[in-house]
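Hi,

Here is the structure I promised to pass on to you. Have a look at it first, and then read my notes below.

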Amino acid sequence: MLLKNLKRFSFVVMMAFIAVLLVGCGGDNPEELLAEAKAKIMVDSSITNLASDINLQDKVTIKDSKNEEIVIDVVWTATESDYFSIVVGTDNKVVGKVTRPVPGSEQPEVTLTATLTYEKKTTERQWTIYIAPLPESEAFTIEEAIKQPVDTVVTVEGIVTYIMAKKGFFLKDETASIYIYTNGEVDAAVEPGAKVEVTGSKIKYYDLYEIENPTYEVVEAAPTSGFDYASEAVEITVKDADAKAFKDEESIPNYGVVYTITGVVEERGDYNDLYIVGPKDGKFIQFYYGADETALAEVKALVGKTIEVTALVYDHHSDGYWRILPYAGTAKEVESVELTDQEKVDRVVGELGTAYVENQEIMGDLVLVDGNAVDDALVITWESSNETILGADGKYTSPTEDTSVTLTATVTLNDAEETFEVVVLVKVGVPVVTVLEAVNSADDSIVAIEGDVTYVMPGHSFFVNDGTASINVYVNGSIPSAIQPGAKVKVVGTKDVYFNLHQIKTPTSTVVEEAPAEYDYASKAVEATIAEIDGKVFEGAESIANYGVIYKVTGVVELKGTYNDVVLTDPVSGKNLYTYYKAQSEPLDEMEALAGKTIEITGIIYDHHSDGYWRILPYTGSVKELAGVELSDEEKVTAAKVELESQFVENQDVKADLVLPLENSKYEGLTIEWASSNEAIIAVDGKFVAPAEDTSVTLTATITLNEATETFSVSVLAKFIDLTPGANLFFSEYVEGTGNNKAMEIYNNSGADVNLEGYFVELYANGAETLSPYNPPIALTGILKNGETLVIVTNNDKADQELKDKADLFSGSINHNGDDVYLLKKNDEILDSFGQFGVDPGDFYGSAEGPNTKDMTWVRKSSVTTGDRIHDDVFDPSVEWVATSTNDYTGLGSHTID
């Protein structure tokens, strides 16, 4: 009996063990999984002429039969070579390290091997790499190299003076300094104080002289003590450092110079940037955010303190100040400077010289400050050489001709006193015209208007109406507190049109009459339906009459688009009024909280969007919830027809299956039945078959709800598409994220696995019709299985790790900015395009208000089954693509089609 029980127990254990094995294997063949993983390993397309380091995948992610992810490690090896090696960086990233041979050499050949192991099974994949020899170059001093034309290949030698982690290093010789841009980790042997020889292309990045794509070699190792910055440092005041010449070659001697500076540490701006400020003069220099992290942390810990610090001059910012790189261990607190009354007065006089510029043009009242935060007891009094046209209080009166006026400020603190003098040009006053006349004035002309403020957009602009029309006054900053709805103001400035919005820019605004305690917008409101407002003429001068009009309007609140725009919708006509996101926040929040409800608001028309709708600015306190409106069957059918009219555009190009809705979810029981004039090309279910030539097809929808019925017809143009001989591959996802987060995804919808030999991706930047040498074609390799994707990610260390983990292939040619064109090709045949070839759209494709192709992820619609081979036609991403959000990588690596 015991033996029988033991046998039974052994059988149960064995079966359980087998079950565990089966569950663990998931029924998947490890060799098949490895083969799939191997096919997904990609390397940079430049391996046939490799000139710089390349990133190598350390993992491959695949899915088993249960759709669960399996992560397989990749181990890289390379045949022994003096020119290529595998290294692991401090961030555990695997890098193929390149050392280029001397100019004129044969290309060294290296075999690169990726080894994958799973469930005790192993497979390999190999590539042959050819290393590009160094270009012919000439040895220069650093000063001579700087003076060479851009893109000249130069060789320089000098001492390393500063290293910026994962970015580059500064090099100096006895003539000058230059920045070596490595765009990645600097070799460990390159330490401050080492003598290094560098060969690369001389460039100018903004005002910083650089060598990019460098090959460098340590000629002499750094001394144990490193770079002796202390003996190099020049003691200087912030004021004197700030005053260093910045003008082309005159500024060269200041780059890479080491200073010891004393001043007060301050944090300024939205990003809490660090500055060192001269206590006596208020001059400042910024600590560059890309400096050594330890050094920056030491400075940040001393905010508000007076410090002494040793730093290297990095560059000169376009806003007019120098930036420096502090050395770790040099920032130390010193005794703060107690300013005398005279020194405070001197500092304020210096600040007045920055605020009031010689010969600045005055066309309205001038704000003349009467004090300064340096000391509450300090007083500033003003005198004018011509009180009749520019008073000591800054009041402006138009002269008969342009007149120079000397303003004198007396700065007093106790017994200390100094004067500041500046000459300004008081311009002949522009005669006040009606707002309508100002609107019709030539762009860039100077206009003067007077009228009532009707709406204030905080930090942005305000509207002025004088009874003839309204105009937007664009301040783009803090709006004086006296400018409130109901105040009468005089505005002088430059007439402009921003898209379709008439504006006055760079305004001088004077309050003529103060605003009442409460602005009576309600009595000025015109009651109208959304459909009536939407139907207002938008064409030239006729549209002016709708700008700045105050409406009382009713509709249903909807949140639309990627950014949840707050929209008021007419339930009958389906027409929309969008709110503008820069409106006052309180009514916008109230409307958003009432999404799905029927409300009434009072608001002012802001502008007419390029996508064809008006935008409104609701007034605070005007949002009221109303009882919902019950539509008749006829109204519901009409509303459904209006929605179809907005979805289907007459003569739109059709190159993929159409989604033909059969119902409208808003109206229960409503049905839509479709008919096609050519079912062989576009069937009644929307299925598309490419015709032999472009063919017009009429689609007709019959909309029915009980006894109510309507018909809708639209003619579309079915496009001829040549699907031979290239396989049916197309772009399926586009990532244009913040910073360096860029990727393109390709989907195989050919019905079979595709050998990618001969397939390329090309980037054409900013409307270019030829390829840039900086963006060579991306050669695709390996096998792309049917129904799977290939993800190409920028070869940039700064990209998000989450994005890099999705990569099948890294390439430096993935560096788009929202306004560039991608082509997918097999040899010379175009299989797909993203953007409009040969056209620079500005900053992006799509809507200015979003979504657009700037800082956004777009996914190809599931109804699209082939690429857009007409690469030079107008590109609207919303036709075949759906925007998700910024830095959204969740869908990369897979794609769905209908």
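**The cavities**

About 70 Å³ of space lies in the largest cavity. The model is a predicted one, and a search through the whole of it turns up three cavities of 30 Å³ or more.

What lines the largest cavity? From the early part of the numbering come Glu36, Ala39, Lys40 and Met42, and these are joined by Ile783, Leu784, Lys785, Glu788, Thr789, Leu790 and Asp808. Three elements each supply at least two residues of this lining: α2 (30-39), β46 (783-784) and β47 (789-794). Sorted by class, the lining has five nonpolar, one polar and five charged residues.

**Asp753 and its contacts**

While you are looking at that region, please also find Asp753, in the loop between β42 (742-748) and β43 (754-755). Apart from its neighbours within four places in sequence, Asp753 is in contact with Asn748, Ile783, Leu784, Lys785 and Asn786. Ile783, Leu784 and Lys785 from that list are also among the residues that line the largest cavity. Another lining residue is Glu788; its C-alpha atom is separated by 9.0 Å from that of Asp753, with the two residues 35 apart along the chain.

Is Asp753 buried, partly exposed or exposed? Its relative accessibility is 47%, so Asp753 counts as partly exposed.

**Strands β11, β12 and β13**

Next, please turn to β13 (residues 208-220), which pairs in the parallel sense with β11 (residues 177-181) over three bridges. One residue pair to look for here is Tyr179 with its bridge partner Glu210 in β13.

β13 also pairs with β12 (residues 195-205), this time in the antiparallel sense and over ten bridges. Tyr205 has Leu208 of β13 as its bridge partner. β12 and β13 form a hairpin with two residues between them, and in the turn Tyr206 has a positive phi of about 55°.

**A three-stranded sheet**

There is also an open sheet of three strands, with the order β1-β5-β4 and antiparallel pairing. Its edge strands are β1 (54-56) and β4 (84-88), each of which pairs on one side only. On average, and with direction ignored, neighbouring strands of this sheet are turned by 30° against each other.

β1 and β5 (residues 94-98) run antiparallel and are joined by three bridges. Within that pairing, Asn55 has Val95 of β5 as its bridge partner.

**Two asparagines with positive phi**

Finally, two loop residues for your list. Asn706 is not a glycine, yet it has a positive phi of about 55°. You will find Asn706 in the loop between β39 (695-705) and β40 (708-718). With a relative accessible area of 58%, Asn706 is exposed.

Asn651 is the other one: its phi is near 65°, a positive value in a residue other than glycine. Which elements stand on either side of its loop? Asn651 sits between α11 (633-647) and β37 (653-654). Its relative accessibility is 51%, and exposed means over 50%, so Asn651 counts as exposed.

Do write back if you would like to go through any of this together.

Best wishes

Definitions and conventions: Residues are numbered from 1 along each chain as its sequence is written. This is a predicted model: local features need pLDDT of at least 70, side-chain atom pairs count only at pLDDT 80 or more; totals for chains, interfaces and linings use all residues. Side-chain values use heavy atoms; hydrogens and water are left out. Two strands pair if DSSP finds at least two bridges between them. Helices (H or I, at least four residues) and strands (E, at least two) are DSSP runs, numbered from the N terminus. Axes are lines fitted to C-alpha atoms, for helices over the stretch in contact, and angles run from 0 to 180 degrees between N-to-C directions. Buried means under 20% relative accessible area, exposed over 50%, partly exposed in between (1.4 Å probe, protein chains only). On a 1 Å grid over the protein atoms alone, a cavity is a set of points where a 1.4 Å probe fits but cannot get out, and a pocket is an open set with protein on both sides within 12 Å along at least five of seven lines; lining residues have an atom within 4 Å of a point. Grid points are joined across faces, edges and corners, and a volume is the space filled by probe spheres set on the points. Ala, Val, Leu, Ile, Met, Phe, Trp, Tyr, Cys and Pro count as nonpolar, Asp, Glu, Lys and Arg as charged, and the others, Gly among them, as polar. Contact means heavy atoms within 4.5 Å.
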